[in-house]
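Colleague: Could you walk me through the inside of this protein? I would like to hear about its cavities, its cysteines and its packing.

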Amino acid sequence: MDLMPEPQTVGADDALTQLADILAARGITPPTTHELNGYSPDEPGHPAYHRQQRINAALARWTTATPLRYQHATATDPRVIHWAADVVASPDNARSLLITGNTGTGKTHQAYGALKLIANHGPKSFQMIATTSADMYGSLRPSGAAGAAEHGLKKLCEIPLLLLDDLGSAKTSEWTEEITYRLINYRYNQCLPTIFTSNLPAKTSDGRDLTTTLGERIASRLAEMTTVVPMAGTDRRRAN
Ligand SMILES: Nc1ncnc2c1ncn2[C@@H]1O[C@H](COP(=O)(O)OP(=O)(O)OP(=O)(O)O)[C@@H](O)[C@H]1O
Ligand SMILES: [Mg+2]
């Protein structure tokens, strides 16, 4: 697990610029917006036109998958922006992100903002699911139609980009542990980028941490697959 120190946050408008700068430093640049081979950027045939189409489709998917409160979320934390750039550069095997911190410090905001940044780059494919862990357990309860829960879990396992919000905050049972283990183990094995958020720190000496709550086998996988971004600050909901 890489534990990243806290850098200065950037302004919301700078996030896209910072993402573009990180990608440019890695040789990934968007297509030119000049006329090319007789095609203007706003007509089919020009790469910039097709990129804009991909951006529109990705943002539409992001908007559908994002709750109303986070529709204006922007990733302003450079560590989160770096992660988004990693996913754009290597969508099939980027590391995962674990955003930790107290209630109201902005974890969910940064998570949705990161997914929006990825969408804004116009990836070849943008498939995401966002859920809280409590909602996930609720939707996978084995009480529904035969096979529905397995089908639901398979979707969460295989989706290229997953946001699992509030990990470790739902009531645990043997069943929730098994679901969490199967999901995380699958995504760990397949190196699929996932954003986890949690109120619990990764590990502490007093045991009030993800390792104790989720168990050693899940925590071990999270330790290897995630970059941890601890969010500091006070509860933004009580700021006024
Ligand atoms: N960088 C930001 N700019 C503007 N508003 C923000 C920012 N970060 C968070 N907020 C707002 O602050 C409130 C709390 O943020 P958020 O829900 O992301 O916190 P959280 O850390 O996920 O909390 P919890 O642990 O309770 O889930 C929300 O209304 C959110 O929209
Ligand atoms: Mg949250």
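Modeller: Gladly! A cavity here is a set of grid points where a 1.4 Å probe fits but cannot get out. Please keep in mind that this is a predicted model.

Colleague: Thanks! How many cavities of 30 Å³ or more does a search of the whole structure find?

Modeller: The whole structure was searched with that size limit, and the result is 1 cavity. The largest cavity holds about 30 Å³ of space. Its lining includes S133, Y137, K171 and L214. So that you have the number you asked for: the count is 1.

Colleague: Which class supplies 5 residues to the lining of the largest cavity?

Modeller: G168, S169, T172 and T176 are among the lining residues. By class, 3 of the lining residues are nonpolar and 1 is charged. The class with 5 residues is polar.

Colleague: Why is C191 in no disulfide with C157?

Modeller: A disulfide needs two cysteine sulfur atoms within 2.5 Å. C157 is buried at 7% relative accessible area, whereas C191 is partly exposed at 41%. The sulfur of C191 is too far from that of C157 for a bond, because the distance is 14 Å.

Colleague: Nice. Which residues does I118 touch, leaving out those up to four places away in sequence?

Modeller: I118 belongs to the largest nonpolar core, which has 34 residues, and is one of the five members listed as touching the most others, along with W83, F126, L161 and I195. Helices α3 (78-89) and α4 (107-120) are among the elements that each supply at least two residues of this core. I118 touches W83, A84, V87, V88, P123, F126 and L161.

Key:
Residues are numbered from 1 along each chain as its sequence is written. Chains are lettered from A and ligands numbered from 1 in the order in which they are written. This is a predicted model: local features need pLDDT of at least 70, side-chain atom pairs count only at pLDDT 80 or more; totals for chains, interfaces and linings use all residues. Side-chain values use heavy atoms; hydrogens and water are left out. Buried means under 20% relative accessible area, exposed over 50%, partly exposed in between (1.4 Å probe, protein chains only). A nonpolar core is a set of buried Ala, Val, Leu, Ile, Met, Phe, Trp, Tyr and Cys residues joined through side-chain atoms within 4.5 Å. Helices (H or I, at least four residues) and strands (E, at least two) are DSSP runs, numbered from the N terminus. Contact means heavy atoms within 4.5 Å. On a 1 Å grid over the protein atoms alone, a cavity is a set of points where a 1.4 Å probe fits but cannot get out, and a pocket is an open set with protein on both sides within 12 Å along at least five of seven lines; lining residues have an atom within 4 Å of a point. Grid points are joined across faces, edges and corners, and a volume is the space filled by probe spheres set on the points. Ala, Val, Leu, Ile, Met, Phe, Trp, Tyr, Cys and Pro count as nonpolar, Asp, Glu, Lys and Arg as charged, and the others, Gly among them, as polar.
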